[in-house]
Amino acid sequence: MIRRSIAAALLSITLMGASLPARRPLILAFGDSLTAGYGLDQGLGFAPQLQSTLRRHGIAATVVDGGVSGDTSEAGKARLGWAVDGLERKPDLVIVELGANDMLRGLDPGLTARNLDAILAELDRRQIKVLIAGMRGAPNLDPVYVSRFEAIYPKLARRHDAALYPFFLEGVAAQKGMQQADGMHPTFAGVKRIVRGISPDVLKALRN
């Protein structure tokens with residue numbers, strides 16, 4: 001309850017004096033199964049819940065689910081163009097949440113960094129605001145690998161002058177009741193926790 005109150009207060013503070021797009025904001029949640037709502041009924045995933053939260057706070061945003069389960073950073077890079085072009089108009093913000101599957105497959109962090117860098121460069125070229133959703137390495141992996149992997153997100157945020165939400169699963173990873181039986185994907189309660197955490201950063205990214 002305390003965490004929920006704090007998150008609500010932060011969201012309210014962010015809303016005060018916010019200069020948001022004159023038209024209704026269009027947000028693309030571009031990611032993997034974590035944004036696609038894997039294992040959840042329709043309407044319970046990240047994109048619809050973020051949209052619902054923003055609208056409850058007076059922001060008539062549309063959040064499009066651009067998540068594809070199993071996507072690596074390379075797969076995301078390959079489909080970015082048609083994902084953006086397929087929208088009704090240029091989005092006001094793209095939330096980039098990719099890399100977890102690279103890490104779970106043990107792919108070279110250098111490759112992940114190059115793919116994400118290409119995604120961000122293309123969004124820069126299109127003059128679209130970005131919020132990078134970072135990821136942490138699994139605790140059972142080699143510490144050197146984890147260090148290289150986790151460094152990707154802040155480095156790219158600085159390079160592209162993009163907003164950064166350091167850990168998409170903040171408050172969810174390894175928390176009882178927040179993850180499904182597979183220990184990776186959020187439950188509905190977990191999705192709500194993610195949305196409460198990231199909403200102030202979404203609003204700040206829209207405003208800046």
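**Helix packing and selected residue environments**

In the predicted model, helix 3 crosses helix 8 with right-handed geometry. The packing angle between helix 3 (residues 46-56) and helix 8 is about 55 degrees, and their axes are 9 Å apart. With that angle, helix 3 is oblique to helix 8. On the side of helix 3, the contact is formed by Phe46, Gln49, Leu50, Thr53 and Leu54; helix 8 contributes Phe188, Val191, Ile194, Val195, Ile198, Ser199, Val202 and Leu203. By class, the residues of this contact comprise 10 nonpolar and three polar, with no charged residue.

Thr53, listed above in the contact with helix 8, also has a backbone oxygen that lies 3.0 Å from a polar side-chain atom of His57. His57 is located in the loop between helix 3 and strand 2 (62-67). The relative accessibility of His57 is 28%, so this residue is classed as partly exposed.

The chain as a whole contains eight helices and five strands. Read from the N terminus, the order of these elements is α-β-α-α-β-α-β-α-α-β-α-β-α. Of the 208 residues in the chain, 49% are buried. Contacts between residues at least 6 apart in sequence were also examined, and 79% of them join residues at least 24 apart.

Helix 6 takes part in two further packing arrangements, one with helix 4 and one with helix 7. Helix 4 (residues 73-85) packs against helix 6 at an angle of about 15 degrees, the axes being 8 Å apart. Helix 4 is therefore roughly parallel to helix 6, and the crossing is left-handed. The contributing residues of helix 4 are Ser73, Glu74, Gly76, Lys77, Leu80 and Val84, while those of helix 6 are Thr112, Asn115, Leu116, Ala118, Ile119, Glu122 and Leu123. The contact of helix 4 with helix 6 divides into six nonpolar, four polar and three charged residues.

For helix 6 (residues 109-125) and helix 7 (residues 143-160), the angle is about 15 degrees and the axes are 10 Å apart. Because angles under 35 degrees count as roughly parallel, helix 6 and helix 7 are assigned to that class. The crossing of helix 6 with helix 7 is right-handed. Helix 6 enters this contact through Pro109, Gly110, Thr112, Ala113, Leu116, Asp117, Leu120, Ala121 and Asp124. From helix 7, the residues involved are Tyr145, Arg148, Phe149, Ile152, Tyr153, Leu156, Arg159 and His160. Their classes are 10 nonpolar, three polar and four charged. Thr112 and Leu116 of helix 6 are listed both in the contact with helix 4 and in the contact with helix 7.

Thr112 lies in helix 6 and has a relative accessible area of 0%, so the residue is buried. A polar contact of 2.9 Å links the side chain of Thr112 to the side chain of Asp102. When neighbours within four places in sequence are set aside, the contacts of Thr112 are with Ser73, Gly99, Asp102 and Ile152. Of these, Ser73 belongs to the helix 4 side of the contact with helix 6, and Ile152 belongs to the helix 7 side of the contact with helix 6.

Leu98 occupies the loop between strand 3 (93-97) and helix 5 (100-104). Its relative accessibility of 1% is why Leu98 counts as buried. Beyond residues up to four places away in sequence, Leu98 touches Phe30, Gly31, Asp32, Asp71, Thr72, Gly76, Leu116, Ile119 and Tyr153. These partners include Gly76 of helix 4 and Leu116 and Ile119 of helix 6, which are listed in the contact between those two helices. Tyr153, a further partner of Leu98, is one of the helix 7 residues in contact with helix 6. Leu98 and Met135 are separated by 37 residues in sequence, and their C-alpha atoms are 8.1 Å apart.

His185 is positioned in the loop between strand 5 (163-165) and helix 8 (188-207). With a relative accessibility of 9%, below the 20% limit, His185 is classed as buried. The side chains of His185 and Ser33 are joined by a polar contact of 2.7 Å. Apart from neighbours within four places in sequence, His185 is in contact with Ser33, Leu34, Tyr38, Met178, Gln179 and Gln180.

Definitions and conventions
Residues numbered from 1 in each chain as written. Predicted model: local features only at pLDDT ≥ 70, side-chain atom pairs only at ≥ 80, totals over all residues. Heavy atoms only, no water. Helix = DSSP H or I, 4+ residues; strand = E, 2+ residues; numbered from the N terminus. Buried < 20%, exposed > 50% of the residue type's maximum accessible area, 1.4 Å probe, protein only. Polar contact = N/O pair within 3.5 Å; in protein donor to acceptor, adjacent residues only side chain to side chain. Contact = heavy atoms within 4.5 Å. Axes fitted to C-alpha atoms, helices over the stretch in contact; angles between N-to-C directions. Parallel < 35°, antiparallel > 145°, perpendicular 65-115°, else oblique. Left-handed = near helix turned anticlockwise from the far one by under 90°. Nonpolar A, V, L, I, M, F, W, Y, C, P; charged D, E, K, R; others polar.
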